[in-house]
Amino acid sequence: MTTTTEKKEMNVVKGLDLERYMGRWYEIASFPSRFQPKNGVDTRATYTLNPDGTVHVLNETWDGGKRGFIQGSAYKADPKSDEAKLKVKFFVPPFLPVIPVTGDYWVLYVDPEYQHAVVGQPSRSYLWILSRTAHVEEERYKQLVEKAVEEGYDVSKLHRTSQSDTPPESNDAPDDTKGVWWLKSIFGK
């Protein structure tokens, strides 16, 4: 018998085509995280396949006209499994990257065209709705949110990410080289 406090096991994408998954993904919505600025806009991730099969990760967001970013790497949690369960490792703080932080990155859903994805992790503390485009139609957004609900997420915590009609390029804004965005996010600012 299942009680309301038990959480069902998550369904994770099987047979993820990592090469098709590479490229830029825009954050359409996410659970607020202390690793991201509260007022961040135009948040996105760019994934590049490395020759050794790992993935280079570049996460970017803009806050107050400045670009905050962090780079890391991702790799399959179990190389023998066909499940899209990845580990992502970043070194923090971004302005002096010395402390490794590793987290789970589970692809819970990707559409057949690899245009939309829902990403989470086993504790359900983090959730991202991603798209290849900066905006998605409302009906499509609702379908993606429903995928998260099906995996046991409390979507009332979901926060829509503001995206510009013309997303900025990385070199169009000054970088936050002091890591102010990161320090603010740690303290909930």
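## Close-up views of a predicted protein model

**Figure 1. The hairpin of strands S6 and S7.** Val 107 has Val 119, a residue of S7, as its bridge partner. The model shown here and in the following views is a predicted one. Strands S6 and S7 run antiparallel and are joined by 4 bridges, and together they form a hairpin in which 5 residues stand between the two strands. Tyr 114 belongs to the loop that leads from strand S6 (99-110) to strand S7 (116-120). Although Tyr 114 is a residue other than glycine, its phi is positive, with a value near 60°. Is Tyr 114 buried or exposed? With a relative accessibility of 8%, Tyr 114 counts as buried, since the cut-off for that class is under 20% relative accessible area.

**Figure 2. The pairing of strands S5 and S6.** Strand S6, seen above with S7 as its partner, also pairs with S5, here in the antiparallel sense and over 8 bridges. Within this pairing, Lys 87 stands opposite Asp 104, which is a residue of S6. The loop that runs between strand S5 (85-92) and S6 holds Val 98.

**Figure 3. A nonpolar surface patch that includes Val 98.** The residues that make this patch are Phe 95, Leu 96, Val 98, Ile 99 and Val 101, and the area comes to about 430 Å². Val 98, located in the loop between S5 and S6, has a relative accessible area of 53% and is therefore classed as exposed, given that the exposed class begins over 50%. For the protein chain as a whole, the exposed surface is about 10500 Å², of which carbon and sulfur atoms supply 54%.

**Figure 4. Buried salt bridges around Glu 60.** Side chains of opposite charge can pair when their charged atoms come close. In this view, the side chain of Glu 60 meets that of Arg 44 in a salt bridge with an N to O distance of 2.9 Å. Glu 60 is part of strand S3 (residues 55-63) whereas Arg 44 is part of strand S2, so their pairing ties together parts of the chain that lie 16 residues apart in sequence. Both of these residues, Glu 60 and Arg 44, are buried. A salt bridge also links the side chain of Glu 60 to that of Arg 67, here with an N to O distance of 2.7 Å. The relative accessibility of Glu 60 is 2%, so this residue counts as buried, and Arg 67, at 8%, likewise counts as buried.

**Figure 5. The salt bridge between Glu 83 and Lys 85.** Glu 83 and Lys 85 form a salt bridge in which the closest N and O atoms are 3.3 Å apart. These two residues and Lys 14 are joined into one network by salt bridges that share partners. Which class of exposure does Lys 85 fall into? Lys 85 is partly exposed, its relative accessible area being 22%. The salt bridges of the model come to a count of 6.

**Figure 6. The surroundings of Thr 61 in strand S3.** Thr 61, a residue of strand S3, is buried, with a relative accessible area of 6%. Its side chain makes a polar contact with the side chain of Thr 43 at 2.6 Å. When residues up to four places away in sequence are not counted, Thr 61 touches Pro 37, Gly 40, Val 41, Asp 42, Thr 43, Lys 66, Arg 67 and Gly 68. One of these residues, Arg 67, is also a salt-bridge partner of Glu 60.

**Figure 7. The backbone at Asp 42 in strand S2.** Asp 42, which is among the residues that Thr 61 touches, is found in strand S2 (residues 41-49). The phi of Asp 42 is positive, at about 55°, even though this residue is not a glycine. With a relative accessibility of 5%, Asp 42 counts as buried.

**Figure 8. The protein chain that holds these sites, with its 3 helices and 9 strands.** Taken from the N terminus on, the elements follow the order α-β-β-β-β-β-β-β-β-α-β-α. The protein chain has 189 residues, of which 42% count as buried. Among the contacts with a separation of 6 or more, 56% are accounted for by residues that stand 24 or more positions apart.

Technical notes: Residues are numbered from 1 along each chain as its sequence is written. This is a predicted model: local features need pLDDT of at least 70, side-chain atom pairs count only at pLDDT 80 or more; totals for chains, interfaces and linings use all residues. Side-chain values use heavy atoms; hydrogens and water are left out. Buried means under 20% relative accessible area, exposed over 50%, partly exposed in between (1.4 Å probe, protein chains only). Contact means heavy atoms within 4.5 Å. Accessible areas come from the Shrake-Rupley method with a 1.4 Å probe; for residues, only the protein chains shown count as cover. Patches are made of residues with over 30% relative accessible area and no salt bridge: like charges are joined within 9 Å, nonpolar side chains (Val, Leu, Ile, Met, Phe, Trp, Tyr) within 5 Å. A salt bridge is a side-chain nitrogen of Lys or Arg within 4 Å of a carboxyl oxygen of Asp or Glu. Two strands pair if DSSP finds at least two bridges between them. A polar contact is a pair of N or O atoms within 3.5 Å; within protein, one must be able to donate a hydrogen and the other to accept it, and residues adjacent in sequence count only if both atoms are side-chain atoms.
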